[in-house]
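Biologist: I should like to understand how the terms used for this model are justified. Could each one be set against its definition?

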Amino acid sequence: MFYLTGKIALVTGGNGGIGLGMARGLAQAGALVVLAGRDAEKSRAAVDALRAEGLQADAIEADVTGEAQVAQLFEEHGRRHGRLHILVNNAGTTVRKLPQDMSLAEWNHVMDTNLTSAFLCCRAAHGWLKPEGGKVINIGSMMSIFGAPYAPSYGASKGGIVQFTRSIATAWAADRIQANAILPGWIDTELTQGARAQVPGLHERVLARTPAARWGQPADLAGTAVFLASAASDFVTGTAIPVDGGYSIA
Ligand code: NDP
């Protein structure tokens, strides 16, 4: 029930970090994974790496913050692959600033990348997912649960993605489309390498606060992604699953 053979998955931000970790897991379970990101060079390298491992992968260049670009992404996906079963809304970014110091442009950039992109991709994906039923996986964060002073827009976007997931889940349950969120803990990626460079002591604080006593790796997200993409989760919808080494319960 965990096999994804014959399934096609589109992963936004799938060319690096957590997105690539999940894409690799989906491909190892048998899916063809299509990576959507802005950096064509990075996407090509990710596709090459997956193919070198004997996995099925493709990439389409897209900025998922733009309505027209998202429409083009799904048109191109349809032209190349004709079907879609799994959508992973993973593209994300942050701007680390206190609320009083954040510009509207910075606020909007984070909201557009983390939350509006998921709406745009879901809306464009619905017609593709409906014929055979499908899966939506949205990526939240510990900031979907906790507050943090330097994450006003990031926290709002990640709180919003959980509620958006519930909305999609209820709207599309009758279409046999399940929508769930994954809430990663602290995972070692370019995003958090940037945060660690900016925030002295962050590395040690994460280690001390995480019961598993380690940073997560992108591969740690793969198992939950496969579960939520597969028939094993056909009666699971609207939930948000922390994958955090115990961070959220300690
Ligand atoms: P990375 O910075 O390593 O990866 C972010 C990915 O998003 C890149 O592949 C990037 O590709 C893509 N991306 C960013 N903006 C856009 C855009 N406008 N259009 C298309 N793609 C875009 O970050 P992570 O892997 O760490 O983060 C992935 C997700 O996980 C994010 O949603 C993040 O908020 C979330 N998360 C991460 C945690 C962590 O500890 N690392 C913890 C909790 C949540 P490209 O540059 O080619 O566009």
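**Terms and the values behind them**

Modeller: Let us begin with the ligand, an oxygen atom of which is 2.5 Å from an N or O atom in the side chain of N15. The model is a predicted one, in which local features need pLDDT of at least 70 and side-chain atom pairs count only at pLDDT 80 or more, while totals for chains, interfaces and linings use all residues. Residues are numbered from 1 along each chain as its sequence is written, and side-chain values use heavy atoms, with hydrogens and water left out.

Biologist: What makes the pair formed by the ligand and the side chain of N15 a polar contact?

Modeller: A polar contact is a pair of N or O atoms within 3.5 Å; within protein, one must be able to donate a hydrogen and the other to accept it, and residues adjacent in sequence count only if both atoms are side-chain atoms. The distance at N15 is 2.5 Å, so the pair qualifies under that limit. A nitrogen atom of the ligand also lies 2.9 Å from an N or O atom in the side chain of D63, and an oxygen atom of the ligand is 2.8 Å from a backbone N or O atom of N90. Taken alone, the ligand exposes 880 Å², of which the protein buries 93%; such areas come from the Shrake-Rupley method with a 1.4 Å probe, and for residues only the protein chains shown count as cover.

Biologist: Which residues are the closest to the ligand, and how many surround it?

Modeller: There are 30 residues around the ligand, the closest being N15, R38, Y154, I187 and T189. A residue belongs here if one of its heavy atoms lies within 4 Å of the ligand. Helix α6 gives the most to this shell, with 3 residues. Helices here are DSSP runs (H or I, at least four residues), numbered from the N terminus.

Biologist: Why is H77 called buried?

Modeller: Buried means under 20% relative accessible area, exposed over 50%, and partly exposed in between, with a 1.4 Å probe and protein chains only. H77 has 0% relative accessibility, and therefore counts as buried. This residue is in helix α3 (residues 67-81), and a polar atom of its side chain lies 2.9 Å from the backbone oxygen of R83.

Biologist: Why is W128, in contrast, called partly exposed?

Modeller: W128 has a relative accessible area of 29%, which falls between the two limits, so it is partly exposed. W128 is in helix α4 and touches F74, G78, G82, R83 and L84, not counting residues up to four places away in sequence; contact means heavy atoms within 4.5 Å. W128 and L84 are 44 residues apart in sequence, yet 5.6 Å apart in space, C-alpha to C-alpha.

Biologist: How do you know that α1 is largely enclosed by the rest of the structure?

Modeller: Of the 12 residues of α1, 9 are buried, so the helix is largely enclosed. Among them are I18, L20, M22 and L26.

Biologist: What makes the span of α1 agree with expectation?

Modeller: The expected span of a helix is 1.5 Å times one less than its number of residues. For the 12 residues of α1 this should be 16 Å, and the end C-alpha atoms are 17 Å apart, which agrees.

Biologist: Is S157 buried or exposed?

Modeller: S157 is at 0% relative accessibility, and therefore counts as buried. Its side chain reaches the backbone oxygen of Y154 at 2.7 Å.

Notes: Helices (H or I, at least four residues) and strands (E, at least two) are DSSP runs, numbered from the N terminus.
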